[in-house]
Every structure is written in structure tokens, then in C-alpha cells.
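Hi everyone, thanks for coming. I'd like to walk you through one structure today, so have a look at the screen and follow along with me.

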Amino acid sequence: MEQSCDKEKNPLLAPWTGPFEAPPFERIEPAHFRPAFEIALKDARAEIDAIAQNPEPPTFANTIEALERSGRSLERIANVFYNLAGSATNDELEAIEREMAPILSRHRSETYFNEALFSRVEALKADEARPELDEEQARVLERYHLNFTRTGAGLTAESKARLAEIAERLASLGARFGQNVLADEKSFLLLLEAGDLEGLPDFLVKGAARTATERGHLGEYGITLSRSSIEPFLQFSARRDLREKAFRAWAARGESGGATDNRAIAAEMVSLRAERARLLGYESFAHFRLADTMAKTPQAALDLLRSVWEPGVLRAQREEEALQAIVAGEGGNFKVAPWDWRYYAEKRRKAEFDLDEGEIKPYLQLGQLIEAAFHAANRLFGLNFEERFDIKLYHPDARAWTVSRGGEPIALFIGDYFARPSKHSGAWMNVFRGQQKLDEPQLPIIVNVMNFAKGGEGEASLLSFDDARTLFHEFGHGLHGILSDVTYPLISGTNVARDFVEFPSQLYENWLEQPEILRRFALHYRTGEPIPEALLAKLLSARRFNQGFATVEYAASALVDLGLHLDPAPQDLDVVAFERAELARVGMPDAIAMRHRTPHFQHIFSGESYSAGYYSYLWSEILDADGFEAFQESGDIFDASAARRLHDFVYAAGGSRDYEIAYREFRGRAPSPRALLRKRGLDAEPAA
């Protein structure tokens, strides 16, 4: 331990002098984190105290800029730790995560509840019209003041003490929630024998064989709860009994009744959030969360969700009728259930569009699609990507590229694409180092994490079209970090409102669907031949297929999220009973399940990023649908003028300006909500 505490010998504390000053992953061990956190927290506290106790009158430089410089070592360590805890975790890291969650929360509370510090920020805010502040500085001051007041600065000592307790408890519960879901996912393996494989395409059979072998079941086939495994199994398996078994396990994550059961955790978190909102003077936690978003009120978010709910349900009902007809045509005597939908929808797509996933997938190689994402970024923003092999990353599957423009490096991009037991489910973008240029330019290190199925030895990893869309989505987030060009860390990259942050990512998905991109990069993994024009036409014509299902499963999750957090004072909350009642109230079709059921809804309970904010994807979809029409209207999907405005006012701007203003500067007007309905094919929904 003494050795780990030595700043020169602990790699988390020593200067990082390797290529791109990337973290020295090969030298970092779990044992380094506790002592590194301890030292960095002590240093950060001293820096904060020095700012608060500065005898000089507060200025932007000695208060706000000083805050921006404080805690850099702590941030650096935390960035490495939480990236590893998400994508390469183990028992040691999970124990540290549980231990550090309340400690880091306490540090944040101590900072924002420091009255001397708040009084300096308050004084600056009272005189914010001073001419020496530029637009970005004024925005940073505004955001700092808002952060202090929304945390509870200025309240009574009793209220602040309780808010600190709540924050620590929520941090601990959030860490446990995510770890419980991962434990449930790791513990499940549906083992199949050769006779159980009816309907499964070759790529899924090979992947299942590899999974079983890796887990010590040579000669058998394994299906896991990773989306890249469970979803294609539900889509193709002709064995209804096995589909039901797999689906029920997937739906029951976090609801095992054992040590990993999340129901009580979620209920306590909802209650604590409501109490915090009351202490801060808000009607509910949803009102508190949305006050600092584009939506501004829960009613605005609910209105948006309801605008797609009714047409989505009508479309889903017709889809269900079509699936039920297929069941009947095959002699089935059962009602379509959630474990049936994907299977019969695939049959319906084949019948109506002469298209099936097995036909598309050979043309969707992961490597080619990464190049497609890079190519679009080159055409839009002039970026170049050069893979580098001199940086030892945290896992052999991860890859790194230098991102450059005009011959000058601007970022390091890391891609970590394959599912593994040590990785949490889902897909996300994160930073190992954010962009800023307060003292000198700091180039960002950005990571995309996915959970795709890995190809066999020497074989390409093949994606579904939904997987490919996920890759483009997360790379859109990545570009938001890569292209960031602001001075201050507080507003860098994706540090924006939750219902704006999904705009750059969802917008970028549109380029995947362009024929120009697919003709060039959708190449058969064996022959190298481009996707045939007839198949491409069928793929594009089926883009809105199953849109009722997609709308309903998403919107149901968003409505339950808002409903949970609109209760001003929940008592004896049973989150599953609430979920059931809320779905019945809004008329959820029995044949469709929520995309994320409450006991494993990590977006809203593994931390607070999307709590009362899962609606954000739909809000941002208005912007992305309307925004891409700017390129379509120009007649060029890489129109230079539109791309320059998109770069300057969205991707490079971070949180440096009001989001509505930023969008208008890009688009020339406010977004049209009708664009969302047009994109989803719900704008001219015929009567049922």
C-alpha cells in the first residue's frame, strides 16, 4: 500500500507521458485506485478551500476559472475508473465502486454547500452584465450558479445536511443497481443442443457455439442476455418454448427475488429523489429535472410522448393483427406474446418486403461500418482517422485511432465493440479526457463502447441493421466530444442538456441509411461484392417496418419513467405494481413489453443521467428529423454549408450557448415537430 500511495509509483498519480498522453492502462491495477482517489480528493478539497477563502474580491478569473482548474487529478482518475467499471470490471473494481460512490458524492456536496464559495459565485452572478465577460464566460458563470442553486446552496444547514445524505445514499444505490443487472446478465446462459437450433441462421449458431465453448460447454450452444445474442434468438428461433424461456429471463433482470433484486433499490431511489425535489422547492422530481432542459416542464415531455403514443399504438395493433394472421395460417392456436413478436415480425418482413435479417447481415461487416462512419465524418467535417498500435489499451478488443484535420491531430478515438462478461450491457460514449483550452489546448480522448457479437477466429463480425444504427448513433456522440472547441471544461463536448445531447447522435444515424454510403461500405464478408441494388432497395423500403412496435416499447418506458418521478411523495412504492398499473392506464398492448422494465432500467437508476429524462430520445428526434431535412433540401447529403453550420453551432459548440438558439443558428428556424411524425411514418396514420 505504501508503494501504491507514492505519487511517482502509482501510475494514476504520475504524469502520463506515453503516446497522446493516454492513460498507462498496462500499468494500472485495481489496487492503485483507492490510494489515488484518497490523495486526489485531499488535493481537490484543498484547491476548493483556497478559492473559497481567497481574501481578494471575487472575479471570474479567481473564482470561476479557478474552479475550472480545480480537481483535475481527481477527474482524471475518476474518468479512468468509471470507464473500466463499465467496460472491463471485476470483483475488485465493483467493491471500489461501491465504496467510492458515497465518498465522491460527499465531496461534491461539500463543494456546492460551501457558503463562502457560493457567496463568491453569487456576487459574480449579481454583476454578470460586466463587459469583460465574453459570451462563453457568461454561459459558464450562469451554469455554475445554476449548479450551486440546484444542488441546494443557500438553503438552511438542516436542509443541506439532508440533501447531502440523500445524495450519498442515491450514489450508493445507483452503483448497486447497475452491478445487480450485470450479475443477472452474467449468470444466465441458455444452453442448446443441436436439436434446439431450428430456424437459427448460421451466424447465430456459430456465435452460440463460441459462447458455450468459452463457458466450458464444448459441443453445445449458448444464448446470453446480451442484446446481440438474445434479440436474434427471439427473432429466428422456431422453438416457442425456448423463446419464452429466454424472454422471461431477459425481462426479469433485477427481479430475481435474491441478492440482485433491484425492486427495493428502485423504490427507495424514487422516494429519495422526490424528497430532494421537495427540499429544493419543486413539485416533484420530474419538475426538478426538467426545469434545466429544453422541455422545461414534465407536461411538455408528456405532450410529446402522447403525440406519438396514440398513432404508435394504432400502428402496433395493425402490426399485431398481421402477426396473428401468420400464426393462424401456420395452424397456431395462441395469442401473440412478447416472446413471439420478433419471430413473426421477421416472417412478416420476409413476406411483405422479401427481406430477412439473414440476407442483410453478410453485407454489414463491423470493420466496414466503422470505416463508413469515419467516411461520413470526413465528408462532413474533414476528419481523418489513422489506427495506431502503439497505445496499450485496457482490453485486447479495444482499438484506437488518431483523429486529425488538416494534418493536425485533434483527438484520440477508442472503439470497444464486443460483448463480454466484464462489460455492462448497452452502448455508450464516454471520455477519458475532455476537450478544453483554458490554459493550453487539451485534446480529447473519446471512447465508444458497444456489445456486438464477436466473429470467430479470422471471421468478420456481422451486424444487424439495428446494430449498425447503434454504431452510428454512438459515433455521433463521439463526434460531439471529438469536435468540441470551447475554452471551459464545464461546457465541453456532451456537457449539454439531456434532451439536446441525443440530437447529434441521432442525427448521425441518418447517414447510415443513405444509398451512397451503403453502396460503398455494405460489402459481402466473403466475396467483397457490394450489396445488390435490389437488396438495397428492399432494405431502404422496409425502414419504417415494425415502427408501431418500436414506438410503443420505447414510449412505454419513457411514460413509466416520468410517472414514477411525478409522484411528489411516494409511499410504500412497489415499482413493478406501479409499472403494471401505468401500462394498463395508457393502454399498453399485451403483445409488447417495455424496452426497459423498471427493475433493470439502468438509464434511470444506474446514476441519474436519464432519470425523469428517458423522453429525451424522442425530444431530440424532433431535432434530428428536422435537422437532416436541411441536407435533403439542399440535394446533397454532405452539403458543405449545412455541414459547416452543424459543426459550428452543434458539434463544436458544446454547451456554450442556449440550445434553442444553437438549433436555430444551424437550421435557420425552430424545428418542426411534424418532421418526427414523417420520420416514423406516423404523420398520415389511417383510421384503425
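Before we visit the first stop, one term: a helix here is a DSSP run of H or I with at least four residues, and helices are numbered from the N terminus. Also keep in mind that this is a predicted model.

Okay, let's start with a glycine. G312 sits in helix α14, which runs over residues 298-329. Is G312 buried or exposed? G312 counts as buried, because its relative accessibility is 0%, and the cut-off for buried is under 20%. So what does G312 touch, once we leave aside its neighbours within four places in sequence? The contacts are G548, T551, V552 and L682. There's also E553, whose C-alpha is 9.6 Å from that of G312, although the two are 241 residues apart in sequence. Hold on to E553, please, since that name comes back later.

Next, the empty space. Rolling a probe the size of a water molecule over the atoms shows where empty space is left. How many cavities of 30 Å³ or more does the count give? The count comes to one. The largest cavity holds about 140 Å³ of space. Its lining is made up of 17 residues, and F247, W250, A593, M594 and R595 are the closest to the centre. Three helices each give at least two residues to that lining: α11 (240-251), α15 (338-353) and α22 (547-566). And what sort of residues are they? The lining divides into 10 nonpolar, six charged and one polar.

That brings me to charges. Side chains of opposite charge can pair when their charged atoms come close. In this structure there are 61 salt bridges, and I've picked a few to show you.

Take D439 and R69 first. Their closest N and O atoms are 2.7 Å apart in a salt bridge. D439 is in the loop between β6 (428-433) and β7 (445-452), while R69 is in helix α3 (residues 60-69), so this pair ties together parts that lie 370 residues apart in sequence. Both ends are partly exposed: D439 has a relative accessible area of 47%, and R69 has one of 32%.

Now E168 and R106. Here the closest N and O atoms of the salt bridge are 3.0 Å apart. E168 belongs to helix α8 (residues 157-187) and R106 to helix α5 (residues 91-112), so the parts tied together are 62 residues apart in sequence. E168 counts as buried, at 19% relative accessibility, whereas R106 is partly exposed, with a relative accessible area of 35%.

One more pair: R263 and E255 meet through their side chains in a salt bridge, at 3.8 Å from N to O. R263 counts as partly exposed, because its relative accessibility is 32%. And here's where that earlier name returns: R227, E231, R342, E553 and R595 are joined into one network by salt bridges that share partners. You've met R595 before too, among the residues closest to the centre of the largest cavity.

Let's switch to strands. Strand β4 covers residues 399-405, and five of its seven residues are buried, so you can call the strand mostly covered. Which strands does β4 pair with? One is strand β3 (residues 384-388), in the antiparallel sense over five bridges, with R388 standing opposite A400 in β4. Another is strand β5 (residues 408-418), again antiparallel, over seven bridges, and there R399 stands opposite G415 in β5. β4 and β5 form a hairpin with two residues between them. In that turn, G406 has a positive phi of about 60 degrees.

That's a glycine, but let me finish with two residues that aren't. Most residues other than glycine have a negative phi, and most peptide bonds are trans. K296, though, has a positive phi of about 75 degrees. You'll find K296 in the loop between α13 (285-290) and α14, and it counts as partly exposed at 44% relative accessibility. A612 has a positive phi as well, of about 55 degrees. A612 lies in the loop between α24 (602-605) and α25 (616-634). Is A612 buried or exposed? At 1% relative accessibility, A612 counts as buried.

That's my tour. Thanks for listening!

Notes
Residues are numbered from 1 along each chain as its sequence is written. This is a predicted model: local features need pLDDT of at least 70, side-chain atom pairs count only at pLDDT 80 or more; totals for chains, interfaces and linings use all residues. Side-chain values use heavy atoms; hydrogens and water are left out. Buried means under 20% relative accessible area, exposed over 50%, partly exposed in between (1.4 Å probe, protein chains only). Two strands pair if DSSP finds at least two bridges between them. On a 1 Å grid over the protein atoms alone, a cavity is a set of points where a 1.4 Å probe fits but cannot get out, and a pocket is an open set with protein on both sides within 12 Å along at least five of seven lines; lining residues have an atom within 4 Å of a point. Grid points are joined across faces, edges and corners, and a volume is the space filled by probe spheres set on the points. Ala, Val, Leu, Ile, Met, Phe, Trp, Tyr, Cys and Pro count as nonpolar, Asp, Glu, Lys and Arg as charged, and the others, Gly among them, as polar. Contact means heavy atoms within 4.5 Å. A salt bridge is a side-chain nitrogen of Lys or Arg within 4 Å of a carboxyl oxygen of Asp or Glu.
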